[in-house]
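Biologist: I am new to this structure and should like to understand how its terms are justified. Please take me through the reasons behind each label.

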Amino acid sequence: MRIAILGASGRTGGTLVRQALERGHDVVGLVRTPAAFAVPAPRQVEVRKADVTDPRSFPDLADVDVTVSAIGIAKGDGPGALVAGARVLAAAGVRTVWLGALGSGVSSRSGGLIYAGVMRMFVGSELAEKAEADQIALAAGATVFHAPDVTDGPLSSAGRIVPLAELRRPLLPPRISRATLASLLLDEAETNKHGSGIAVPLS
């Protein structure tokens with residue numbers, strides 16, 4: 001497949017790029033600053049400048065099969081960057097797997113009481129924007145992943161994707177390694193198994 005990865009220069013985006021190449025896919029890296037992006041395999045990664053806050057200059061994606069978004073609210077970003085990203089991908093008309101956060105919007109209580117408290121404490125000011133971006137992505141037909149806390153652990157062989165409606169509320173705050181999250185995002189990009197809706201990646 002030809003997979004575009006929005007936020008390819010970030011930690012999760014970089015993991016997605018590496019894993020997509022290992023699976024034999026062609027990758028289009030969508031990054032704000034191409035000069036700062038270390039391309040792991042120049043012959044298999046096409047880099048396109050993509051600033052979500054400037055939709056008029058956002059690159060055309062008609063030649064890709066699916067887009068996986070790994071953008072978040074980075075340090076120094078003003079409010080609205082996440083919503084802007086959801087809007088430009090919705091306008092692109094390409095199937096999208098959108099990375100959101102467990103504990104935001106409709107999953108605000110799905111991670112358990114402790115997790116909900118942690119999210120309010122550390123992500124509180126961003127929760128409304130995350131929820132708005134999710135709704136834009138969903139309205140455009142995206143699969144939205146509500147990922148729990150992400151760690152730097154190894155790839156888990158027990159990784160799985162659960163529709164939000166089927167998630168059993170955990171007692172302890174859930175976590176997932178970045179490698180496992182990237183693998184599950186790519187699984188969904190390849191299969192479109194969960195279609196338009198909210199799914200939770202677990203390990």
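**Salt bridges**

Modeller: Counted by the rule that a salt bridge is a side-chain nitrogen of Lys or Arg within 4 Å of a carboxyl oxygen of Asp or Glu, the salt bridges number 10. This is a predicted model, in which local features need pLDDT of at least 70 and side-chain atom pairs count only at pLDDT 80 or more, while totals for chains, interfaces and linings use all residues. Residues are numbered from 1 along each chain as its sequence is written, and side-chain values use heavy atoms, with hydrogens and water left out.

Biologist: Why is the contact of Glu46 and Arg2 called a salt bridge?

Modeller: The N to O distance between their side chains is 2.5 Å, and the rule asks for within 4 Å, so the pair qualifies. Glu46 lies in strand E3 (residues 45-49) and Arg2 in strand E1 (residues 2-6), so the salt bridge ties together parts that are 44 residues apart in sequence. Helices (H or I, at least four residues) and strands (E, at least two) are DSSP runs, numbered from the N terminus. Arg2 and Glu46 also belong to a network of salt bridges with Arg48 and Asp63.

Biologist: What makes Glu46 partly exposed?

Modeller: The relative accessible area of Glu46 is 31%. Buried means under 20%, exposed over 50% and partly exposed in between (1.4 Å probe, protein chains only), so the label follows.

Biologist: How do you know that Arg23 forms a salt bridge with Glu190?

Modeller: The closest N and O atoms of Arg23 and Glu190 are 3.0 Å apart, which satisfies the rule for a salt bridge. This pair links distant parts of the chain, 167 residues apart: Arg23 is in the loop between helix H1 (11-22) and strand E2 (26-31), and Glu190 is in helix H5 (residues 178-191). Arg23 has 31% relative accessibility and counts as partly exposed; Glu190, with 32%, is partly exposed too.

Biologist: Asp152 forms a salt bridge with Arg178; what makes Asp152 exposed and Arg178 buried?

Modeller: The closest N and O atoms of Asp152 and Arg178 are 3.3 Å apart. The pair joins the loop between strand E7 (149-151) and strand E8 (160-163), where Asp152 sits, to helix H5, which holds Arg178, across 26 residues. Asp152 has 56% relative accessibility and is therefore exposed, whereas Arg178 has 13% and is therefore buried.

**Helix pairs**

Biologist: Why are H1 and H5 called oblique to each other?

Modeller: Their axes come within 9 Å and cross at roughly 60 degrees. Axes are lines fitted to C-alpha atoms, for helices over the stretch in contact, and angles run from 0 to 180 degrees between N-to-C directions. Angles under 35 degrees count as roughly parallel, over 145 as roughly antiparallel, 65 to 115 as roughly perpendicular and the rest as oblique. H1 and H5 are therefore oblique.

Biologist: Which residues of H1 and H5 meet?

Modeller: Arg11, Thr12, Thr15, Leu16, Gln19 and Ala20 in H1 meet a set in H5 including Arg178, Leu181 and Leu185, where contact means heavy atoms within 4.5 Å. By class, the residues of this contact are 7 nonpolar, 4 polar and 2 charged. Ala, Val, Leu, Ile, Met, Phe, Trp, Tyr, Cys and Pro count as nonpolar, Asp, Glu, Lys and Arg as charged, and the others, Gly among them, as polar.

Biologist: What makes H2 roughly parallel to H4?

Modeller: The axes of helix H2 (residues 81-92) and helix H4 (residues 127-139) come within 8 Å and cross at roughly 5 degrees. That angle makes H2 roughly parallel to H4. The contact of H2 with H4 has 8 nonpolar, no polar and 4 charged residues.

**Single residues**

Biologist: Is Leu82, found in helix H2, buried or exposed?

Modeller: Leu82 has 4% relative accessibility and so counts as buried. Beyond four places in sequence, Leu82 touches Ile71, Gly72, Ile73, Trp98, Glu129, Lys130 and Ala133.

Biologist: How do you know that Thr67 is buried?

Modeller: Thr67, in strand E4 (residues 66-69), has a relative accessible area of 0% and is therefore buried. Among the residues that Thr67 touches are Ala4, Leu61 and Leu89.

Biologist: Why is Lys193 called exposed?

Modeller: Lys193, in the loop between H5 and strand E10 (197-202), has a relative accessible area of 69%, so Lys193 is exposed.
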